[in-house]
Amino acid sequence: MLSLHSFFCARVPAFTEQIQLDIRVRERIVGAGLKAHPTHAMEPIYEGKAKRLFTTEDPNVLRMEYKDSATAFNGVKKEDFENKGRMNKAITLIIYKMLEGKGVKTHLVGDVDDINLLVKKVSIMPLEVIVRNVAAGSFSKRMGVKEGTAFTKPIVEFSYKDDALNDPFINDDYAREMGAATEEECAYIKRMALLINETLKEFFLKANLRLIDFKIEFGRLATDPKQIVLADEISPDTCRLWDVATGKKMDKDRFRQGLGEFMESYAEVLSRLQK
Ligand SMILES: Nc1ncnc2c1ncn2[C@@H]1O[C@H](COP(=O)(O)OP(=O)(O)OP(=O)(O)O)[C@@H](O)[C@H]1O
Ligand SMILES: [Mg+2]
């Protein structure tokens, strides 16, 4: 007769794989002599389009796994690309460490392995915060402004994070009335977004990349909901980056627009940031 465990694992192979991954992750952390933030055998709590979240033994820390899938147009276009998760995780880690070094408070706790990071558990504010330096994407479409037109000053815009509503464009009054953020919090988030923009612009420029625009998310710390920190990822999935010399797109627009050399561009971004 099948034991309950073998019956369950036979039915759900992903479950067995997950336990094995968790054990490997733990071995790597302990083996590397890092603070053993126990990450093994915990519950998957969320699967998004690009990442999975797992609990750890610390109720205030989550493991964030970067997947290989690419999606666009709110999940309508979808494909898997080998190493995408590994590259986005590595790029996010480099950027988050750099931002922390500049005094930006983030959810980053530490590195785990090639596709996993440990992050502080937050309650994500239902706002997508977009900063634009140059017209592109939905701005160009909505406003009829030619892609590549530089703005005199950066634009900060909010959309309401709700896939069912297609993440509609909102302002701080909407954010207040939807209970997403108070006026003071919106002002703080806008200041932080502009500071992050200046820091990122300079950082990418050193890698011969022009920061056209990007999307960030903020969350309230589980341990202290009054504290708002930068969360989620910063990668070529969430930034538009153009090569300074040639103007070549080096980000997810290559996938959205079917331009080819998608992962090659991510690899090039990572290698330039590692220099
Ligand atoms: N530190 C954190 N604590 C809790 N949740 C987080 C944290 N950082 C990011 N998240 C959330 O984890 C999820 C990451 O998954 P992913 O980016 O794949 O989601 P998604 O498909 O973009 O969907 P959506 O952002 O609409 O939920 C997102 O919902 C993101 O807001
Ligand atoms: Mg996401």
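How many bridges join strand S1 to S2, and which way do the two strands run? Strand S1 (residues 44-47) is joined to S2 by 3 bridges, and the pair runs antiparallel. Before going further, keep in mind that this is a predicted model.

Let's stay with that pair for a moment. S1 and S2 make a hairpin, with 3 residues between them. Pick out Glu47 and look across: its bridge partner in S2 is Arg52. Now turn to the next strand along. S2 is joined to strand S3 (residues 61-66) by 5 bridges, again in an antiparallel run, and here the hairpin connection takes 5 residues. Arg52 turns up once more, this time standing opposite Glu65 in S3. So far, then, S2 pairs with S1 and also with S3.

From S3 you can step across to S7. These two strands pair in the antiparallel sense over 5 bridges, and Arg63 has Leu118 of S7 as its bridge partner. S7 also pairs with strand S6 (residues 108-111), antiparallel, through 3 bridges. That connection is a hairpin with 4 residues in it, and Asp111 finds its bridge partner in Leu117 of S7.

Is S7 itself enclosed or open? Because 5 of its 5 residues are buried, S7 is largely enclosed by the rest of the structure. In a regular strand, side chains alternate between the two faces of the sheet. You can follow the two directions here: Asn116, Leu118 and Lys120 point one way, Leu117 and Val119 point the other, and all are buried.

Some of these strands also meet the ligand. Strand S2 (51-55), strand S7 (116-120), strand S8 (122-124) and strand S12 (209-221) each contribute at least two residues to the shell around ligand 1. That shell has 19 residues, of which Gly48, Lys49, Ala50, His107 and Ala231 come nearest. By class, you'll find 8 nonpolar, 3 polar and 8 charged residues in the shell. It also draws at least three residues from each of domain 1 (4-119) and domain 2 (123-274).

Time to zoom out. The chain holds 8 helices and 14 strands, and buried residues make up 35% of its 275 residues. Of the contacts with a separation of 6 or more, 52% are between residues 24 or more positions apart.

Where does the largest nonpolar core lie with respect to the two domains? There are 51 residues in this core, and Val129, Leu211, Ile216, Phe218 and Leu241 touch the most other members. Domain 1 (4-119) and domain 2 (123-274) both give residues to the core, so it lies between them. Ile216 makes a handy place to look around: leaving aside neighbours within four places in sequence, Ile216 is in contact with Val129, Ala193, Ile196, Leu230, Asp232 and Ile234.

One of those contacts, Asp232, deserves a second look. Asp232 sits in the loop between strand S13 (224-231) and strand S14 (239-243). Most residues other than glycine have a negative phi. Asp232 has a positive one, near 65 degrees. With 22 C-beta neighbours inside 10 Å, Asp232 counts as buried, because the cut-off is 20 or more. Asn83 also has a positive phi, about 75 degrees, although it is not a glycine. Its place is the loop between strand S5 (77-80) and helix H3 (84-101), and with 15 C-beta neighbours inside 10 Å, Asn83 counts as partly exposed.

Two more residues round off the walk. Asp213 lies in strand S12 and is buried, since 24 other C-beta atoms fall within 10 Å. Asp213 and Arg132 are 81 residues apart in sequence, but their C-alpha atoms are 4.2 Å apart in space. Not counting residues up to four places away in sequence, Asp213 touches a run of partners including Ile130, Val131, Arg132, Asn133 and Val134, and Arg240 is among them too.

Is Thr149 buried or exposed? Thr149 counts as exposed, because it has 12 C-beta neighbours inside 10 Å. You'll find Thr149 in the loop between helix H4 (137-143) and strand S10 (150-160). Beyond the residues up to four places away in sequence, Thr149 touches Val134 and Ala135. Ala136 is 13 residues from Thr149 in sequence, with 8.0 Å between their C-alpha atoms. Val134, then, is touched by Thr149 and also by Asp213.

Methods: Residues numbered from 1 in each chain as written. Chains lettered and ligands numbered in written order. Predicted model: local features only at pLDDT ≥ 70, side-chain atom pairs only at ≥ 80, totals over all residues. Near = placed C-beta within 6 Å. Nonpolar A, V, L, I, M, F, W, Y, C, P; charged D, E, K, R; others polar. Domains from an automatic or database assignment. Contact = placed C-beta atoms within 7 Å. Core = buried A, V, L, I, M, F, W, Y, C linked by C-beta atoms within 7 Å. Pairing = 2+ DSSP bridges.
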